[in-house]
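Take a look at the model below. We will start with the whole chain and then visit a few places along it.

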Amino acid sequence: MPSRLVSVLRFTLYVFLFFILAIQITPTHAGSIPAPVLKWAYAGCLPDGGAFWCDTGWYASPAVADLDGDTKAEVLWGGYELFALNGENGTIQWSGPAGNRIWPGVAVADLTGNGSLEVIVGRGGDSLTVYNSNGAVLWERNPFGSGEIRTLAVADLETDGQLEILVGRASGGSNNQVNVYEPDGTVRPGFPARRDGEDGYGWGMYNENLTVGDLNDDGYAEIIAPTDTHYITGLDRNGNQLLANAAVYVNSDHNDNGITTWAEVGVHVDHSVDVIGYADCGTEHRPNFANVAPAIADVNGDGVREIIVPGDVYNCGIGDPDGDLYYLPWIFNLDRTRWSGDGFNWTALPTPEPGSGPLSQDYSVIENIAVNTVIADLDSDGFMEILFPSYDGRLHVYWLDKTQHGNWPYDVPGSGIRFASEPIVVDLDNDGHAEVIFTSWPEKTNGVGQLHILDYLGNSLHAINLPAPSLGSSTWNGGLGAPTIANIDADADYELVIGTTHSGAVAYDLPGSENARILWGTGRGNYQRTGVAADQPAALTLIASPPSQGVEPGETVVYTFALAGTYEGTVSLTDNIPTEFAPIWSENPVTLPAEVTLTLTDPHPAGSLIPGEWFTFEITASGGENVQVLEINLLVGGVKLFLPWIGR
């Protein structure tokens with residue numbers, strides 16, 4: 001028998017159960033959110049005797065920019081024809097006619113760094129067009145030779161001040177799904193990709209199926225592009241494939257060349273099936289990524305960005321779409337392994353909510369859902385939430401604990417089937433709790449969708465009918481694409497701009513929103529449409545270190561609190577600690593950021609206290625409408641035991 005080394009570690013354990021408790025922050029939502037007020041509608045439509053004729057609008061999210069340098073904002077949107085609209089009243093400043101629809105969000109960027117903005121539009125008919133700030137066409141390209149451009153993003157791939165344009169192909173074909181153009185319209189060397197003959201699997205990209213950002217802080221961007229398969233294409237700035245963790249996914253090295261790429265590793269619900277490399281269809285389910293828009297975000301605030309991709313899980317023994325079951329999100333690391341951190345483990349996926357199956361996937365009944373991922377910290381706890389609409393007629397929000405809090409998922413109200421657009425996330429009253437804003441659309445019968453504003457827990461604050469459909473177009477109206485929040489006029493408040501299916505572009509005033517905090521303010525998170533979540537500091541955070549302590553009777557204990565956030569006023573600290581503990585704050589009130597201490601002296605006489613006594617106190621930090629509450633714990637006395645710890 002092998003010898004064993006028995007180590008005895010003496011440590012102190014209180015008989016009175018003393019667990020170091022996690023901080024429980026309970027933010028308080030203060031104030032009310034005023035209802036949006038219609039500012040203008042039917043922008044970009046042709047007037048006809050007091051009514052309007054409008055082109056059909058699709059999934060494009062509007063952009064807002066001062067194109068001509070007159071300090072006045074222009075709104076850029078269109079269903080087929082691109083319109084630059086005056087923000088103040090919705091009148092047309094210029095337009096870019098075309099016969100094919102605009103699916104992806106209109107992009108705006110200074111491509112060359114010369115101070116002049118360009119407008120970039122992807123359309124059907126395999127059309128990519130770049131306009132200057134006056135509406136003149138700088139260049140047009142057909143990136144793939146066929147199909148539709150539904151995927152569009154603009155990014156500086158190597159941090160040289162020159163922005164590249166990335167597009168994806170919405171048509172069949174296992175390779176060449178992603179193409180990249182330099183600002184002058186030349187194809188970037190190495191593209192299109194995945195290249196012919198390379199390892200991996202893929203197909204078309206039928207939504208805004210791309211996110212692009214620097215995942216490892218090396219100054220170079222990575223491209224993540226899920227396709228109409230259960231595979232995800234990963235590319236570097238030059239079109240070379242990203243490598244998966246070869247040790248974990250060795251079974252997916254189908255060519256036995258010692259290299260495993262992202263596009264070789266199939267995605268399944270169970271990670272063990274990913275590792276094995278193939279599924280037992282009928283019992284081991286997998287997703288399809290045809291209609292999903294991925295995102296990049298630092299979900300837990302540790303300085304490392306992750307990749308978030310929702311997928312349409314289906315029974316591959318039946319096939320897609322007949323075997324479709326539900327949408328769930330995946331979180332990946334750069335090496336394609338599944339993410340875990342800060343006590344959260346996404347190796348196993350969340351449990352799907354009951355009733356998550358498709359209500360319809362027939363666009364003759366209702367226009368299909370576009371499952372666009374949104375990443376934002378709704379509750380200012382330092383961790384991001386994952387938002388996406390689904391074909392179950394609900395808007396889903398997952399916390400990193402893999403559950404949906406409050407009233408999430410939110411059922412889109414209205415008669416018949418209703419679907420939700422990509423939401424935006426804005427803390428309208430800057431109280432530390434973000435509101436979720438989206439539009440909806442009905443079935444293709446009589447009816448109109450709505451503009452919805454929800455609180456961070458999925459409770460409806462406002463649901464306002466969108467304008468009636470225009471003449472000769474349809475009997476229904478809705479908003480398929482994400483709204484955009486921006487200041488489009490001369491007042492201090494923000495406005496919402498919405499592209500609708502049958503009432504043109506529409507704008508709403510947001511009274512009292514001048515101090516709003518924008519977390520995800522337009523389709524794909526920004527006007528470059530990259531799907532990258534900006535790191536968003538909370539208005540006010542409060543952390544105790546440690547939150548639980550123990551002392552002997554009559555002794556003194558010191559708690560340390562860190563306060564941070566974007567709030568610029570003074571923050572007051574209050575507590576419910578009895579006066580016999582003689583609480584003393586080192587500083588109060590404070591301005592952010594701050595570190596303060598709280599000293600307590602136990603009122604019991606010196607000596608033993610058996611059993612021990614447990615106290616829980618509440619600490620509140622208040623600044624304006626921002627409130628954070630946490631609990632601290634104190635154990636006084638108790639009996640100490642010495643227990644062995646045995647190791648080998």
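Strands are DSSP runs of at least two residues, labelled E and numbered from the N terminus. Pro 546 shows how the labels work: Pro 546 sits in the loop between strand E42 (541-545) and strand E43 (548-551). Keep in mind that this is a predicted model.

Begin with the whole protein. Its secondary structure consists of one helix and 51 strands. The radius of gyration is 27 Å, close to the 26 Å that the globule rule gives for 648 residues, so the protein is as compact as a globular protein of that length. Along the principal axes, the C-alpha atoms fill a box of roughly 90 × 70 × 50 Å.

Next, consider inside and outside. Of the 648 residues, 55% are buried. The accessible surface is about 24300 Å², and carbon and sulfur atoms hold 52% of that surface. Contacts tell another part of the story. Among contacts with a separation of 6 or more, 59% link residues 24 or more positions apart. Then there is charge. The protein carries 26 positive and 81 negative side chains. The centres of these two sets lie 8 Å apart.

Now zoom in on Ser 470. Ser 470 belongs to the loop between strand E36 (460-465) and strand E37 (476-477). Is Ser 470 buried or exposed? Its relative accessibility is 7%. The cut-off for buried is under 20%, so Ser 470 counts as buried. What does its side chain reach? The side chain of Ser 470 comes to 3.3 Å from the backbone nitrogen of Cys 54. Cys 54 is also one of the residues in contact with Ser 470 once neighbours within four places in sequence are set aside. The others on that list are Tyr 42, Phe 52, Trp 53 and His 502.

From there, move to Thr 56. Thr 56 lies in the loop between strand E4 (51-53) and strand E5 (63-65). Along the chain, Thr 56 and Ser 470 are 414 residues apart. In space, their C-alpha atoms are separated by 9.8 Å. Thr 56 is partly exposed, at 27% relative accessible area. Leaving out residues up to four places away in sequence, Thr 56 touches Gly 79, Tyr 80, Thr 501 and His 502. His 502 is a name to notice, since Ser 470 is in contact with His 502, and Thr 56 touches His 502 too.

Thr 501 is the next stop. Find Thr 501 in the loop between strand E39 (495-499) and strand E40 (505-509). Thr 501 is buried, with a relative accessible area of 1%. Which side chain does the side chain of Thr 501 meet in a polar contact? That partner is the side chain of Asn 477, at 3.1 Å. Beyond its neighbours within four places in sequence, Thr 501 has several contacts. Among them are Asp 55, Thr 56 and Gly 57. Trp 476, Asn 477, Gly 478 and Leu 480 are also in contact with Thr 501.

Go further along the chain to Ala 582. Ala 582 is in the loop between strand E45 (570-575) and strand E46 (584-585). Ala 582 is partly exposed, with 36% relative accessible area. Ala 582 and Leu 600 are 18 residues apart in sequence. Their C-alpha atoms are 5.9 Å apart in space.

Now turn to the backbone. Where are cis peptide bonds found? One runs from Ala 193 to Arg 194, with omega near -10 degrees. Arg 194 lies in the loop between strand E15 (178-181) and strand E16 (211-213). Another joins Ser 545 and Pro 546, with omega about -15 degrees. This is the Pro 546 from the start, in the loop between strands E42 and E43.

Finish with the angle phi. Thr 159 is not a glycine, yet its phi is positive, at about 55 degrees. Thr 159 sits in the loop between strand E13 (148-155) and strand E14 (164-170). At 58% relative accessibility, Thr 159 counts as exposed. Lys 402, also a residue other than glycine, has a positive phi near 70 degrees. Lys 402 is in the loop between strand E29 (394-398) and strand E30 (410-411). Lys 402 counts as partly exposed, at 23% relative accessibility.

How values were computed:
Residues numbered from 1 in each chain as written. Predicted model: local features only at pLDDT ≥ 70, side-chain atom pairs only at ≥ 80, totals over all residues. Heavy atoms only, no water. Helix = DSSP H or I, 4+ residues; strand = E, 2+ residues; numbered from the N terminus. Rg over C-alpha atoms; globule rule 2.2 N^0.38 Å. Buried < 20%, exposed > 50% of the residue type's maximum accessible area, 1.4 Å probe, protein only. Contact = heavy atoms within 4.5 Å. Areas by Shrake-Rupley, 256 points an atom, 1.4 Å probe, with all protein chains shown as cover. Lys, Arg positive; Asp, Glu negative; His and termini not counted. Charge placed at Lys NZ, Arg CZ, Asp CG, Glu CD. Polar contact = N/O pair within 3.5 Å; in protein donor to acceptor, adjacent residues only side chain to side chain.
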